[in-house]
Amino acid sequence: MFSFFLRVFLFISALWIVRRFLGMLFGEPQKRNAQRRREETDGTVGKMVRDPVCGMYMDPRLALRLEDKKGTFYFCSEECRSKYLA
């Protein structure tokens with residue numbers, strides 16, 4: 001009985017590994033290219049942004065983003081974002 005479950009587990013694990021490998025070969029470059037094109041149109045490639053509350057500089061891809069009438073603001077944390085909104 002244990003050997004049956006072990007075989008099923010190994011079979012499912014092998015299928016998962018094959019799926020991940022095929023995803024890396026065929027699916028992932030398209031997602032990365034789409035992300036890169038989006039960043040190029042935003043003008044955020046290689047540019048650091050400054051948090052208006054605490055003054056910390058960060059990569060815009062990792063920052064929290066807030067858009068309003070005045071423009072686009074980037075925040076290092078949810079705390080800084082809530083202080084700005086208050």
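This is a short tour of a predicted model, stop by stop, with something to select at each one.

**Stop 1: Asp51**

Start by selecting Asp51, in the loop that runs between strand S1 (49–50) and strand S2 (57–58). Is this residue buried or exposed? Asp51 is buried, and yet it has no salt bridge. Look for the nearest side chain of opposite charge and you will arrive at Arg50, 7.5 Å away. What does the Asp51 side chain reach instead? Draw a distance to the backbone nitrogen of Cys76 and you should read 2.9 Å. Now show the surroundings: leaving aside residues up to four places away in sequence, Asp51 touches Met56, Met58, Tyr74, Phe75, Cys76 and Cys80.

**Stop 2: the cysteines**

Two of those contacts are cysteines, Cys76 and Cys80, so add Cys54 to the selection and display the sulfur atoms. How many disulfides are there? The count is zero. For Cys54, the closest cysteine sulfur is the one in Cys76, and at 3.6 Å it is too far for a bond, because a disulfide needs the two sulfur atoms within 2.5 Å. Cys80 is in no disulfide either: its nearest cysteine sulfur also belongs to Cys76, at 3.7 Å. Colour by accessibility here and Cys54 comes out partly exposed, with a relative accessible area of 44%, whereas Cys80 is buried at 8%.

**Stop 3: Asp59 and Arg61**

Next, go to Asp59, in the loop between S2 and strand S3 (64–68). Select Lys47 as well: the two residues are twelve apart in sequence, and their C-alpha atoms are 7.0 Å apart in space. Then turn to Arg61, whose side chain meets that of Asp59 in a salt bridge, 2.6 Å from N to O. Arg61 counts as exposed, at 53% relative accessibility. A search of the whole structure finds four salt bridges, and two others come up below.

**Stop 4: the S3–S4 hairpin**

Show strands S3 and S4 (residues 71–75) as a cartoon; they run antiparallel and are joined by five bridges. The hairpin between them passes through two residues. Which residue of S4 is the bridge partner of Asp68? Pick Gly71 to see the pair.

While you are here, select Arg65 and Glu67, which form a salt bridge with their closest N and O atoms 3.0 Å apart. Arg65 is partly exposed, with a relative accessible area of 41%, and Glu67 is exposed at 52%.

**Stop 5: Leu64 and helix H2**

Now pick Leu64, also found in strand S3. With 31% relative accessibility, Leu64 counts as partly exposed. Ser77 is 13 residues from Leu64 in sequence, but the C-alpha atoms of the two are 6.7 Å apart. Beyond residues up to four places away in sequence, Leu64 touches Phe73, Tyr74, Phe75, Ser77, Glu78 and Arg81.

Keep Glu78 and Arg81 selected for the last view. These two form a salt bridge, and their closest N and O atoms are 3.3 Å apart. How are they placed along helix H2 (residues 78–85), and what separates them? They are three residues apart, which means about one helical turn lies between them. Both partners are partly exposed: Glu78 has a relative accessible area of 46%, and Arg81 has 23%.

How values were computed
Residues numbered from 1 in each chain as written. Predicted model: local features only at pLDDT ≥ 70, side-chain atom pairs only at ≥ 80, totals over all residues. Heavy atoms only, no water. Helix = DSSP H or I, 4+ residues; strand = E, 2+ residues; numbered from the N terminus. Buried < 20%, exposed > 50% of the residue type's maximum accessible area, 1.4 Å probe, protein only. Lys, Arg positive; Asp, Glu negative; His and termini not counted. Polar contact = N/O pair within 3.5 Å; in protein donor to acceptor, adjacent residues only side chain to side chain. Contact = heavy atoms within 4.5 Å. Pairing = 2+ DSSP bridges.
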